[in-house]
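Colleague: I have a model open and would like to go through its sheet, its core and its rings. Can we take them in turn?

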Amino acid sequence: QIQLHESGGGSVQAGGSLRLSCTASGITASTKCMGWFRQAPGKGREGVAIIHIGVGSEYYAESVKRRFTISQDYAKNTVYLQMSNVKPEDSAMYYCAAGGDRCGLLLHPAHFSALDAWGQGTLVTVSS
């Protein structure tokens, strides 16, 4: 059973930076993808960034390209999301998730059912 624990959320001013961490346990060789998702109040959950575990291929939502970077520490079973030049519209609960094998598709809500596990979330608040 995969378990995910996020950390690193908090409050930051627009234009600032923040790094989120997601540490996983129970990951097996069949788990190909890990990524970050977010949900703002009153809105649906959206994919932010996905990484293909081990291979390192990265996939980003258009709204965060060139501002956010996803990375992994394979030995620590940890995935990071470096958030730079944040904007108030980045404010949301950020969730880590793992599963699936077509990582690029996991950015799209129609494919969220392929994910096997979700973390509890970490809150990011960006003030203007």
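Colleague: Which residue in β8 does Thr 69 stand opposite?

Modeller: Bear in mind that this is a predicted model. β7 and β8, residues 78-83, pair in the antiparallel sense over six bridges. Across from Thr 69, in β8, stands Gln 82.

Colleague: Which strands stand at the edges of the open sheet?

Modeller: The sheet is open and has four strands, with antiparallel pairing in the order β1-β3-β8-β7. An edge strand has a single partner, so one side of it is left without a neighbour in the sheet. That holds for β1 (3-7) and β7 (68-73).

Colleague: What does the twist average from one strand to the next?

Modeller: Take the order β1-β3-β8-β7 again. From one strand to the next, the twist averages 20°.

Colleague: How many residues does the largest nonpolar core have?

Modeller: Leu 4, Met 34, Trp 36, Leu 81, Met 83 and Tyr 94 have the most contacts inside it. Elements giving two or more residues include β3 (18-25), β4 (33-39), β9 (92-99) and β11 (122-127). The largest core has 29 residues.

Colleague: How many residues are in the other core?

Modeller: That core lies apart from the largest one. Cys 33, Ile 50, Leu 106 and Leu 107 are among its members. Its count is nine residues.

Colleague: With which residue of the Val type is Met 83 in contact, leaving aside neighbours within four places in sequence?

Modeller: Met 83 is one of the residues with the most contacts inside the largest core. Its contacts beyond four places include Leu 18, Leu 20, Phe 68 and Tyr 94. The Val on that list is Val 124.

Colleague: What kind of aromatic pair do Phe 112 and Trp 118 form?

Modeller: The ring centres are 6.0 Å apart. The planes make 70°, and the cut-off is over 60 degrees. Therefore the pair is edge-to-face.

Colleague: Is Trp 118 buried or partly exposed?

Modeller: Ring pairs link Trp 118 with Phe 37 and Phe 112 into a cluster. Phe 112 is buried, because its relative accessible area is 13%, and the limit is under 20%. Trp 118 has 28%, so Trp 118 is partly exposed.

Colleague: Over the ring of which Tyr does the charged end of Arg 45 sit?

Modeller: Arg 45 lies over the face of Trp 118, 4.6 Å from the ring centre. Its charged end also sits over another ring, 3.9 Å from the centre. That ring belongs to Tyr 95.

How values were computed: Residues are numbered from 1 along each chain as its sequence is written. This is a predicted model: local features need pLDDT of at least 70, side-chain atom pairs count only at pLDDT 80 or more; totals for chains, interfaces and linings use all residues. Side-chain values use heavy atoms; hydrogens and water are left out. Rings of Phe, Tyr and Trp (its six-membered ring) pair if their centres lie within 6.5 Å; planes under 30 degrees apart count as stacked, over 60 as edge-to-face and the rest as tilted. Buried means under 20% relative accessible area, exposed over 50%, partly exposed in between (1.4 Å probe, protein chains only). A charge sits over a ring if NZ of Lys or CZ of Arg is within 6 Å of the ring centre and within 35 degrees of the ring normal. Two strands pair if DSSP finds at least two bridges between them. Axes are lines fitted to C-alpha atoms, for helices over the stretch in contact, and angles run from 0 to 180 degrees between N-to-C directions. A nonpolar core is a set of buried Ala, Val, Leu, Ile, Met, Phe, Trp, Tyr and Cys residues joined through side-chain atoms within 4.5 Å. Contact means heavy atoms within 4.5 Å.
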